[in-house]
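Biologist: I am new to this structure, so could you take one part of it and walk me through that part closely?

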Amino acid sequence: MSRHIGIVGVSPEGATLFYREIARQASDMLSPTEQPRITLHNEPLALYIDAIRKNDWVRVGDLLRRSADIVQRAGAELCVTPDNAVQHAIPLAEANSTIPWIAMTDLVASAIARDSRKQVGVIGTKLVTRSSTYQTPLGLKGIQVVLPEDREVDQLEEIIYGELIYGDCRPESRLAIYGIIESLARRGCDGVILGCSEAPMVVTAETSMIPIYDPGMILAAAAVRRAAGLPAVIS
């Protein structure tokens, strides 16, 4: 029997997609008798948004830790969160934790490096695109991160907070996201990171003109491998 995976949800839509992705990855990798147990818990999304907008990362870490404690009491032996915006707070949540966390950004950087990408774009909220969330781990591997233009970031912010977190995406918003990815491709990107846990509702390998890197998919694979007693990263 594989180990018990705890999911700390932030965005309900993103957590739902991630739960399904873990189940899919487990079915692909493991036999029916080896499937891991999965427990998901989330605090209200509004609490996270308020803390992030106030730049209160201690509060974000506390919220993550609260959910981690709950999934641990349910039996979880490792913990993950698919939300890009809160990755900076994982060390705060992990402090003094009795179960390990698997962080997402280094896994994404390793996947991109394995594919020998030189320049990748990232789409997401202002916090993700304008912070070191992906720039630092990719920069350490010699990979340049190309960011959307300011007006494109504003557009993404409106679409994510106004539609995607509610499980919705208007046709014009969908086209706008595709247009931003095409712009990144024209600027020399040979891949794009979907730095928003709800983005896979809109962007797929079939709809993107350049290869996509879905952090939730990469994290799900790592969590299933770790639960099965295998290395989280394929060398």
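**A strand and the loop before it**

Modeller: Strand S6 and strand S7 (residues 212–213) run parallel to each other and pair over two bridges, where strands are DSSP runs of E of at least two residues, helices are runs of H or I of at least four, both numbered from the N terminus, and pairing requires that DSSP finds at least two bridges between the strands. This is a predicted model, in which local features need pLDDT of at least 70 and side-chain atom pairs count only at pLDDT 80 or more, while totals for chains, interfaces and linings use all residues. Residues are numbered from 1 along each chain as its sequence is written, and side-chain values use heavy atoms, with hydrogens and water left out.

Within this pairing, Ile-193 has Tyr-213 of S7 as its bridge partner. Ile-193 is also the bridge partner of Val-122, and S6 pairs with strand S4 (residues 119–124) in the parallel sense over four bridges. S6 itself spans residues 192–195 and is covered on both faces, with Val-192 and Leu-194 buried on one side and Ile-193 and Gly-195 buried on the other; buried means under 20% relative accessible area, exposed over 50%, and partly exposed in between, using a 1.4 Å probe and protein chains only.

In the loop between helix H9 (171–186) and S6 lies Arg-187, which forms a salt bridge with Glu-149, their closest N and O atoms being 3.7 Å apart. A salt bridge here is a side-chain nitrogen of Lys or Arg within 4 Å of a carboxyl oxygen of Asp or Glu. Glu-149 sits in the loop between strand S5 (144–146) and helix H8 (150–162), 38 residues from Arg-187, and the pair thus links distant parts of the chain. Glu-149 is partly exposed at 39% relative accessible area, and Arg-187 is partly exposed at 35%.
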